[in-house]
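Trainee: I should like to learn how burial and contacts are read from a structural model. Could we work through an example together?

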Amino acid sequence: MTDDLVFYTHPMSRGRIVRWMLEEVGQPYRTEIMGFGTTTRQPGYLAINPMGKVPAIRHGDAVVTECAAILAYLADAFPGACLAPPAGDRARGPYYRWLFFGAGPVEAAVVNSVLKVEVPDDPQMRGMVGYGSLEAVLDTLEGAVSQTEYLAGDRFSAADLYIGAHLGWGMQFGTIPKRPAFEAYASRLYARPAAVRAREIDDALIAEQKAAAPSS
């Protein structure tokens, strides 16, 4: 088994979150740019992710899909980057809590809001959807990011990266309101050198794709 790290992505996808994480990890990786509905649907990639979606990573024989899972895997695979509290540390609890709060309630509530999926204003019905309401999710998130500098202990972790990416992306495209606590938290994280490098890489790939596209 080799330890080659391969990153399957598209620069206009959630793969931007994983790119940021890879830059934080600081280990060599190879990028495979996938085309939506084209190379993502080919047998070779469907063997990596049968959903035909990006991002995904392959690390030796290990294949990981889903952003939160990829971040958690990379944090543990490369402990020298200090992107997760060590096993046994009490900060591991809030680390997991907020990492998967982003993958669950935040993702579901925001997407349902964009799609105009209305959850009936009934306690039983709201209990069925898990996140309750978008407002409850945002209020909970605001309380978390406004109380401390980081979500899990006294240093930046993959949980901050994931929540910060959701907030930054959501505020940029108007799917999450620009609350002062969100803006302060996201802007602080987006100023990290790894975040800047990741954006520059993906933005350059987008520019290349636009330049290569046939003119109409």
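Mentor: The discussion below takes up one helix and then some single residues. This is a predicted model, in which local features need pLDDT of at least 70, side-chain atom pairs count only at pLDDT 80 or more, and totals for chains, interfaces and linings use all residues. Residues are numbered from 1 along each chain as its sequence is written, and side-chain values use heavy atoms, with hydrogens and water left out.

Trainee: Which residues of helix α8 are buried?

Mentor: Buried means under 20% relative accessible area, exposed over 50%, and partly exposed in between (1.4 Å probe, protein chains only). Helices are DSSP runs (H or I, at least four residues), numbered from the N terminus. In α8, residues 180-190, the buried ones are Ala181, Phe182, Tyr185, Ala186 and Leu189. Because they cover an arc of only 115° around the axis, they lie on the same side of α8; the arc is that of the directions from the helix axis to the C-beta atoms. An α-helix has 3.6 residues a turn, so residues three or four places apart point the same way.

Trainee: What covers the buried residues of α8?

Mentor: Contact means heavy atoms within 4.5 Å. The cover includes α1 (15-25), α6 (134-147), α7 (158-173) and α9 (193-212).

Trainee: Is His166 buried or exposed?

Mentor: His166, in helix α7, is buried, with a relative accessible area of 14%. Not counting residues up to four places away in sequence, His166 touches Gly102, Val106, Glu107 and Ile176.

Trainee: Where does Ala87 lie?

Mentor: Ala87 lies in the loop between α3 (67-77) and α4 (92-114), and is exposed at 73% relative accessible area.

Methods: Helix = DSSP H or I, 4+ residues; strand = E, 2+ residues; numbered from the N terminus.
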